[in-house]
Amino acid sequence: MLITISYSGPEPGDLGYLLHKHPGRVQSYDLSVGRAHVFYPEFSDERCTAALMLELDALELVSNRHIRLDARKSLDHYVNDRPYVSSSIMSMAMGKVFRTAMTGRCDSRPDLAASAIPLEITLSAVPVHGEVGLPARLFEPLGWKVTEHRLPLDPAFPEWGDSNYVNLTLAGCLRLRDALRQIYVLLPVMDDSKHYWVADDEVGKLLRAGERWLSTHPARGFISNRYLAHRRSMTTQANLLMENDQDATQDKAAEADQTSRPLKVLRTEAVMGALHEERARSVVDMGCGEGALLKILFADPTISTIVGTDVSAQMLDRAEERLRLRELSERQQERLQLLQSSATYLDDRLRGYDAMVLMEVIEHIDLERLPALAAAVFGHAQPKTVVVTTPNAEYNQLYPGLACGSFRHADHRFEWSRSDFQQWTSEQAAQWNYTVEHRGVGEHDDKFGTPTQLALFRRV
Amino acid sequence: MSELAIPELCLVVLVGASGSGKSTFAARNFGRFETLSSDTFRGMVSNDENSQEASEAAFEALNFVAGKRLEAGLLTVIDATSVQTEARRQLVSLARAHDVLPVAIVLDVPLAVSLAHNALRTDRSLEPRVIKRQQDQLRRSARNLGREGFRRIHTLGSMAEVDAASIRREPLLTDFRHDSGPFDVIGDVHGCLGELRTLLGRLGYQLEHDSQGRAIDAVHPEGRKAVFLGDLVDRGPDSPGVLRLVMGMVARGNARAVPGNHEDKLVKALDGRKVQVSHGLAQTLSQLAAEPPVFQDEVREFCRGLVSHLVLDGGQLVVAHAGMVEAYQGRASARVRQFALYGDTTGETDEYGLPVRYAWAEDYRGPATVLYGHTPTVDAVWVNGTMCLDTGCVFGGKLSALRYPEREVVEVAAERMWFQPVKPLAPPLVGSHPRPSGTEGRVSAGDRVPGALKISDVLGKQLVSTRTHGRIGIRGEQAAGALEVMSRWATDPRWMPYLPPTMSPVDTSSLADHLEHPAEAFEHYRRDGVATVICEEKHMGSRAVVLLTRNPSRFGAPRGWRGTAYTRTGRPFFDETLRVSFLDRLDAATESAGLWKELGTDWLLLDAELLPWSFKAGAMIREQYAAVGASATGALADATRALEMAAGHSADTGELLQRTRERLQNAAAYVAAYQNYSAPSDGLDGIQLAPFQLLASEGTSHSGRPHGWHLELADRLADADPVLIRRTRSLVVDTGDLESCAGGTAWWEALTAAGGEGMVVKPQANLAVTGKRLVQPGIKVRGREYLRIIYGPDYTLPRNMARLKERSLAHKCSMALREYALGIEAVERMVAGEPLWKVHQAVFGVLAMESEAVDPRL
């Protein structure tokens, strides 16, 4: 909610001209969600400091339909950090309050506006999401000296550690317009969040504000990716427009991907392979999520009937959108059906299919609820073939980033070793009159096996 | 004047040429909606009643409507010529598809009459040759009606007969709804006369004997009636003796009986038809051979006269030998009889060569209690409101009876194993109980696992009838919203017989600087006619439901299981180790408070608060509340400092500086408010349970007991273990007494000034009804400082307060009432031993309601 800009040149008072803001009084501007104030905490012969302070309306932030509060931070509460932090709302306010200064125009001090001048800028409570030193990585290449002070979460509870908020001090010799534009772009980049929906004109905004400094920035890809809210089509467009050889590195990354294909592709292939072997014509994908497997099933001419189920209606909506179901012909629509269902309830609609796939599903269900899942799948739906995949916990040792004993995904309720999994599968097979065969998916390690394990059940 | 008798529920097909007077006859004898006329349907689908081209579409529509009516159990009359065999065949199959009897009423009037009628009609006129052809078709096929499947055929041969005829509706043979018993329903006897005599004696019947000392009747002094579920004969030592006694009881009105598959076979054998003489039929036949022929004839007549199943007690009780699905109850068709005798077999056989049966009871969702036998099991147990009373007496098991309406099982052990079973008796598959350990193994096709619920029990639009608040509708999208939470996070439905309702906040305060204040709560209850309320302190923890049990099998849990504690969305609080130590401590407290004994129970269901809040919500406190506090205090301090510097040389900063200073203070107050909710806990250390209501214990729900009773009970637990159990402070207020209300307000002020969250005001009597309307079970009045962590640090700024006061509570209040009623209903159902799906349906309803978007700050 606060930025200060200090200038200590020969005539510090010139800062008022450069910013087009009179140093003698508080000037206020209406924003749609509150007010912005400009005032001068310091005004002396040695140094002049201007402050931009936001006074945001917490209630308006919640109720304004054009404001998008990040669910990660607010849970739709009046209690959220936006009124206090220096985020994309601050960028928006800068664009409004310092519009002329950001263009670099200054009729009364044109030479000063065009020159690099000694500046010190402080930013209060900047939300930073990412590794320690991110602000330095972003600002130092631009010629700033960066001082970072992390705010503790709560001094009364030192064991909680630091918050994600940083008080930043930038010192350097830059043109004022460049300094303002850099902050304008990098605030939402550090936060990795924006208070509005990113639309197509965002690319143009980025290119204009990044003029003269962004295209040569070593973290250019990172900056445009975050600034453009990780929208792939936009980042590609932005990169094309900023002529630079960085594109080549991206292509190389894509190439590397092709030689070692991602596990999720291998997993899908293993599942499809099993379905083909079993000559499954009708398939239920239980826990289909956004429909990654459905897409492949749908493209497979040997599969005539496909049902995708998920416990979340929202997820099914997304799958429907991703698969463009509404645009399909009636015949195609009949081939693929989406149903809300749950693996822990018996569902008559899922009976009579050749195969059922539970790809990376069981580990998202509490152990104590697995008997209900088995009853629903093996006992009630009773497909001829059941394909289950789940992580192999032993292989986790080979993931350097994964702390010992922790899971690959925050929602995993358990991860099984090969023997854990095999014990469960053989119990199920015995109880429900199936046979079971185990396979590994992904690169095989002699000691730890494969990253994913697959069980293929056949009804006796 | 002749009376044509037809069953109350049947499909009546009027047969007759055009102009034979069918429509007039139908209009005189049936209700306005009962008759479906093909002409009307022709008109509906084509705008022309006479259009022959529209016939196909018209009959399709007519069949559809007739099907819907029959499905709903409504007598239906088809007014079409129906003179062709093919047309009638379709109607007979329609009747069969809905298990109702097809009845034909033939209007066979002279051709001249039809022609004359037709000539008089102004709206249309058929050529005489068409009518002549219809008449011929009728005459040719009329004698085949019986063979076509019509179970009753009435023929009216002249206009005079048509005009004179009237309809008499007779109850179905299965219909004994007027008979409310009380009954003693007895399972498969299989010739075990000794055990039957003992059982009747134990049930209070007095046997009567003939001159040879043979039992020929049994009379209950209180006028109770025995109901025999079939399979009286075969395998056992004295089938004739059993028949003599039962036939005597039925003949004198002391018993009713339905046939079993063994009686069905016996009749066929006695009729001299070819049957496979096995399963002990040979014994019966040789035992009967020793009886005089007149007795054999009586037996044959008795068995032949038995009706597939009986609907008793206003439709609340259905008895049949092998069970009866809801769709077949009170219906009549070959397959209904087949189901009643043999159950629903899949056509497969198991490893013993016995037919594999579809476990229909596991899927049963009907309102009527169904009592049946046929499948020998170890114990008679309830499955979704059905009970199999065949406990394998002849195989050395027990002979069982259920006293109805008392629903009490009375059993007599077999005197010996009279017949070697082909396979060992199976323990029952039960909806609310697990398979006893040691009997796991292969499960046959169609078997269901205990505790399995169907997706259709919860998904889609649901209507839940509640004892306290009428029928509560759950919309499809609400249910859809709850499915994920229920499936992915909640504990096993068998262990979650209750979810707490949301609670409405107090009406918005009239005081300028308060959003909530006790005055409005007292006023609310005074208006609702509640004179005495109790104020209970609102603990700064998480809502918790605790199920503590010494009898895990009551909840379908494995041996040694002690219970669970879960959140308001059904999510377990503890990991395995902590759960066990928590429940052990709670059990010990319950023991030393003497509550197990006093309440005569081996389980308790408690509504409580679990402290500290940080135990469950630690991450939320850190990541949301503390984060906001850190950014607010940090940034506002910087801004204040900057403004103070500016104030030195700029005159107009005053107002902004003052506002910013105030906001900095608010931020500090906010931090102080959430800090109250953080306390360290290590294992059980630091964790406290504050129970405020005992929802239920075995046999009883306690929602009708005054809150004073509940709190006193909680205090006794707290006395027993003051470290683990926390008291709930309370104060009784008389809503009609200003001084008492002021006392309540002062109490709240003191509570919240000390950092407390606030209080909940409840009717002291607990479950309260004004007129016919349910009263809010509780109203929360939250403290002024606590509300900062709900409405934001600056909610007390006048500009914010004014806007926040516009909040609307109506929807929240209505949801709170419905969720409360659903929660109570779930507990009542569980206590009454109702099937798991019914309990779960109400529990799911609470969660479904909660999926609705309502202002989360209320």
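Which loop is Pro612(B) found in? Keep that question in mind as you start: select Pro612(B) and show the backbone around it. Pro612(B) is in the loop between strand 29 (603-611) and helix 20 of chain B. The peptide bond that leads into it from Leu611(B) is cis, with omega near -5°. Remember that you are looking at a predicted model, so a glance at the confidence values comes next.

**Colour by confidence**

For the complex, the predictor gives an ipTM of 0.85 and a pTM of 0.77. Now colour chain B by pLDDT. The average is 89, and 95% of the residues score at least 70. Among the elements of this chain, strand 32 (residues 730-734) has the highest mean, 97, while strand 16 (residues 345-349) has the lowest, 64. Then select residues 428-449 of chain B, where pLDDT stays under 50. The model has 62 contacts beyond four places in sequence for this stretch, so treat that as a caution while you look around.**Across the domains of chain B**

The domain assignment splits chain B into domain 1 (3-170), domain 2 (175-413), domain 3 (540-612 + 684-727) and domain 4 (616-675). Give each one a colour, then put a distance between the centres of domain 1 and domain 4 of chain B: taken over C-alpha atoms, they are separated by 85 Å.

UniProt, in an unreviewed entry, lists "domain: Polynucleotide kinase-phosphatase ligase" for residues 482-852 of chain B. Select that span and you will find 47% helix and 16% strand, with the end C-alpha atoms 9 Å apart.

Inside it, go to Arg829(B), in helix 26 (residues 810-831) of chain B. Is Arg829(B) buried or exposed? Arg829(B) counts as buried because 24 other C-beta atoms lie within 10 Å. Leaving out residues up to four places away in sequence, Arg829(B) touches Glu834(B), Lys838(B), Val839(B) and Ala842(B). For a long view, draw a line from its C-alpha atom to that of Leu126(B): the two are 703 residues apart along the chain and separated by 63 Å.

**Backbone curiosities**

Most residues other than glycine have a negative phi, and most peptide bonds are trans. The next few selections depart from that pattern, as did the bond from Leu611(B) to Pro612(B), which is cis.

- Tyr404(B) and Pro405(B) are joined by a cis peptide bond, with omega about 10°. Pro405(B) lies in the loop between strand 21 (398-404) and strand 22 (408-413) of chain B.
- His374(B) is not a glycine, yet its phi is positive, about 80°. Look for His374(B) in the loop between strand 18 (369-372) and strand 19 (382-383) of chain B. His374(B) counts as buried because it has 24 C-beta neighbours inside 10 Å.
- Arg324(A) also has a positive phi, near 50°. Its place is the loop between helix 15 (313-322) and helix 16 (330-335) of chain A. Arg324(A) counts as exposed because it has 8 C-beta neighbours inside 10 Å.

**Over to chain A**

Stay on chain A and select residues 284-383, which the UniProt annotation "domain: Methyltransferase type" (unreviewed entry) covers. The span is 36% helix and 19% strand, and its end C-alpha atoms lie 9 Å apart.

Next, pick helix 4 (residues 88-97) of chain A. How many of its 10 residues are buried? Eight are, and the helix is mostly covered. The buried residues are Ser88(A), Ile89(A), Met90(A), Ser91(A), Met92(A), Ala93(A), Met94(A) and Val97(A). Show what surrounds them: they pack against strand 1 (2-7), strand 2 (27-31), strand 3, strand 4 (48-56) and helix 8 (176-191) of chain A.

**Where the chains meet**

Now show both chains together. The contact takes 58 residues from chain A and 53 residues from chain B. On the side of chain A that touches chain B, strand 3 (residues 34-43) of chain A gives the largest share, six residues. By class, that side has 33 nonpolar, 17 polar and eight charged residues.

**Into the cores**

In soluble globular proteins, nonpolar side chains tend to be buried together. To see this here, select the largest nonpolar core, which has 251 residues. Those with the most contacts inside it are Val126(A), Val283(A), Met356(A), Val357(A), Val387(A) and Val546(B). Helix 20 (residues 613-647) of chain B gives the most to this core, with 15 residues.

Centre the view on Val387(A). Not counting residues up to four places away in sequence, Val387(A) touches Val271(A), Ala274(A), Leu275(A), Ala355(A), Val357(A), Leu454(A) and Leu456(A).

Apart from this core lies another, of 115 residues. Ala66(B), Val100(B), Leu281(B) and Val311(B) are among them, and they make a good last selection for the tour.

How values were computed. Residues are numbered from 1 along each chain as its sequence is written. Chains are lettered from A and ligands numbered from 1 in the order in which they are written. Two residues are in contact if their C-beta atoms, placed from the backbone, lie within 7 Å. Helices (H or I, at least four residues) and strands (E, at least two) are DSSP runs, numbered from the N terminus. Ala, Val, Leu, Ile, Met, Phe, Trp, Tyr, Cys and Pro count as nonpolar, Asp, Glu, Lys and Arg as charged, and the others, Gly among them, as polar. A nonpolar core is a set of buried Ala, Val, Leu, Ile, Met, Phe, Trp, Tyr and Cys residues joined through C-beta atoms within 7 Å. A residue is buried if 20 or more other C-beta atoms lie within 10 Å of its own, exposed if 12 or fewer, and partly exposed in between; C-beta atoms are placed from the backbone. UniProt positions are given in the numbering used here, feature names are shortened, and annotations may be inferred rather than shown by experiment. Domain bounds come from an automatic or database domain assignment. pLDDT is the predictor's confidence in each residue, from 0 to 100.
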